[in-house]
Amino acid sequence: MRRPIQNQPIVGWWRLIRVVPFVVTAVVSASASLAWAAGGKPATKLVNVADTRSLPPGFPRFVADVYNDNLLLYGLLVVVVMALTGFILGIVLDRVLMLLGLNLGKLQHHE
Amino acid sequence: MDTFTIFLPVAGIHFNILLLLLIGFTVGVCGGFFGIGGAWIVTPALNIFGFPMPYAIGTDLAHMGGKSIVSTIRHGKFGNVDVKLGISMIVGTTVGMELGARLVMHLERIGLAEDYIRKMYVVFLAAIGSYVLYDYISHVRESRQAAREGAAVPTRPTFARRLQRLHLPPMIRFSASGITCSMWLPVGVGLVTGIVASVLGVGGGFIRMPALIYLVGCPTLVAVGTDLFEVMITGAYGAFTYGVKGRVDLIAALWMLVGAAIGAQLGTVAVKYVRGYSIRLLFAVTIFIACASVLTKQLQLQLASSILILTAGVAISGVILGLLVAGIQRERRERENPTGTNQGDWS
C-alpha cells in the first residue's frame, strides 16, 4: 500500500524544486511594475509640487521636502514608514488586547 | 471641527483627521475580518471627500500595506496564515496581474475596454456573492437535516478536493491549511485571480479569499489570514510604485493607518468568535453591496454609489463589532460555567 505523500522520502532534487517558487517570487515581484498600472486609463503625467509654505518644521514638512526633492526616495520612505508603523502598532495593540484579558491563543478551525 | 483639520501637502487639500481615522477604522474592521484590502470602500470614500482619484488610490494602497501587517501578525498568532501557500499564490498572482494588464491594453486598443470591463465587474461580483450565499444555504440545510436525523453533517465532495487530488509534482504539504496538493494548484489559482483582479482594476482580496476556499480547499479562517499575508506584500509594492509616481499622501495614509490598525485588530479577533460559514454569509452580503455600488456608478450615480459603499462599510463593521462583543461576553460566561464551544453560528 502506498504511504501517504507526507511520509514518503523526499528525493534530493525534489527538495531543490521547492526553492524555485521563492526565487521566482523575488524575480517576478521586482519586475512586475506594469501590473500595478492596470485597471484604468494610465495616469497623465502631472508635475506636482507639495506646498510647504504654510508647513511648520516637523515630520509633515520633512515628508513634503523629500517628495519635492526625490520621488524614488519618497517611494522608499512611504514603504518603510508604513511597514514600520504597521509593525509597531500591531505589536502594541496585540499587547493591549492581551491586557484586556482576551484569550488570543491558536484557534481551532470550525467551519 | 477645524481643530481636527490638517493640510495634506502632497494631495494639496485640507482634510479632517477624524474622517481619516473613521475611514481607516471601518475598512480595518472589514479587512481584518474578511481578509480583504478594502480599496473598494476607501478609494470612493476619499474621493467623495475631496481627494483627487489617483491620490486616493495610491494613499489607499499605502495604508493597506501597513494595515495588513497588523492583521497578518494577529492572524499568524491565531495559526491562520499559511506562508508557503501565500508565497505560492503570489508567484501566480504577480504573473497574472501582468497578463491582465496586457489584456486590458489590448481591449483598449480595439475599443472594447470600457464596455467589457464594466459589465464583467458587475457579473463577477454577482457570481461570487451568489455562489458563496448558495454554499452557506446548502450548509445550513445539511446541518439541520443532520441534526434532525441525529447524524454528523456529511462531508461534501468539493471541487477543491478534486483539484487537490491532481498529481502534478511537486506535491507539497501546506500544514497550516491541512492540505496536500500540487504546488501548481495555488500558483494556477493565483494566476487566474491575478488576471481577473488586474482586468477589473482591483487589489483582488475579494476574489482570492473565495478562491482559496473553493478552489484550493483552505479552511475559511486560513483563507482570511493567508489572503491578508498576500495583501500585505502586494500593498507594499503598490505603495512603492504609486509613491515613486508621486501619488501617495503619506500623512493621510498614516492617519488612516492608526484607525485601520485598531479596526484590524478588532476585526481579526472577531473571527475567533464566528464560525467559518457565518463569515462566508457576511462576505456574500458585502459582495452584493459592492455589486450594487458598482452598478449605481455605471448608471452615472457616482455620489449615490460612494454614499452606498461608505454607509454599507460602516454598517458591516458595526455588525462585526457586535459579533465580537457577543463573543467576548459568551467567552466570559463560559469561563464561569464551562460547557460547549465558544464559536457563534448564525445557522
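These questions and replies work through a predicted model.

Me: Why are α4(A) and α3(B) called roughly parallel?
Reply: Their axes cross at roughly 30°. Angles under 35 degrees count as roughly parallel. The pair is therefore roughly parallel.

Me: Which residues make up these two helices, and how closely do the axes of α4 of chain A and α3 of chain B come?
Reply: Helix α4 of chain A covers residues 71-99, and helix α3 of chain B covers residues 53-78. Their axes come within 8 Å.

Me: What is the hand of the crossing of α4(A) and α3(B)?
Reply: The crossing is right-handed.

Me: Which residues of α4(A) and α3(B) meet?
Reply: From α4(A), the residues include A:V78, A:M82, A:F87, A:L89 and A:L93. From α3(B), they include B:A62, B:I69, B:V70, B:I73 and B:R74. Glycines take part too, among them A:G86, A:G90, B:G65 and B:G66.
Reply: By class, the contact of α4(A) with α3(B) has 10 nonpolar, five polar and three charged residues. Gly counts as polar in this scheme.

Me: How do you know that the radius of gyration of chain B agrees with a compact globule?
Reply: Chain B has 347 residues. A compact globule of that length would have a radius of gyration near 20 Å, and chain B has 20 Å, so the two agree. The C-alpha atoms fill a box of roughly 65 × 55 × 35 Å along the principal axes.

Me: What share of chain B is buried, and what makes a residue count as buried?
Reply: A residue is buried if 20 or more other C-beta atoms lie within 10 Å of its own. In chain B, 58% of the 347 residues are buried. In chain A, buried residues make up 19% of 111.

Me: How many of the chain B contacts between residues at least 6 apart join residues at least 24 apart in sequence?
Reply: The share is 77%.

Me: What secondary structure does each chain hold?
Reply: Chain A has four helices and zero strands. Its pattern along the sequence is α-α-α-α. Chain B has 12 helices and four strands.

Me: Where do α1 and α10 of chain B lie in sequence, and at what angle do they cross?
Reply: Helix α1 of chain B spans residues 17-34, and helix α10 of chain B spans residues 250-270. Their axes come within 6 Å and cross at roughly 35°. The crossing of α1(B) and α10(B) is right-handed. The contact of α1(B) with α10(B) has 21 nonpolar, 10 polar and no charged residues.

Key
Residues are numbered from 1 along each chain as its sequence is written. Chains are lettered from A and ligands numbered from 1 in the order in which they are written. This is a predicted model: local features need pLDDT of at least 70, side-chain atom pairs count only at pLDDT 80 or more; totals for chains, interfaces and linings use all residues. Axes are lines fitted to C-alpha atoms, for helices over the stretch in contact, and angles run from 0 to 180 degrees between N-to-C directions. Angles under 35 degrees count as roughly parallel, over 145 as roughly antiparallel, 65 to 115 as roughly perpendicular and the rest as oblique. A crossing is left-handed if the near helix is turned anticlockwise from the far one by less than a right angle, and right-handed if clockwise. Two residues are in contact if their C-beta atoms, placed from the backbone, lie within 7 Å. The radius of gyration is taken over C-alpha atoms; the globule rule is 2.2 Å times the number of residues to the power 0.38. A residue is buried if 20 or more other C-beta atoms lie within 10 Å of its own, exposed if 12 or fewer, and partly exposed in between; C-beta atoms are placed from the backbone.
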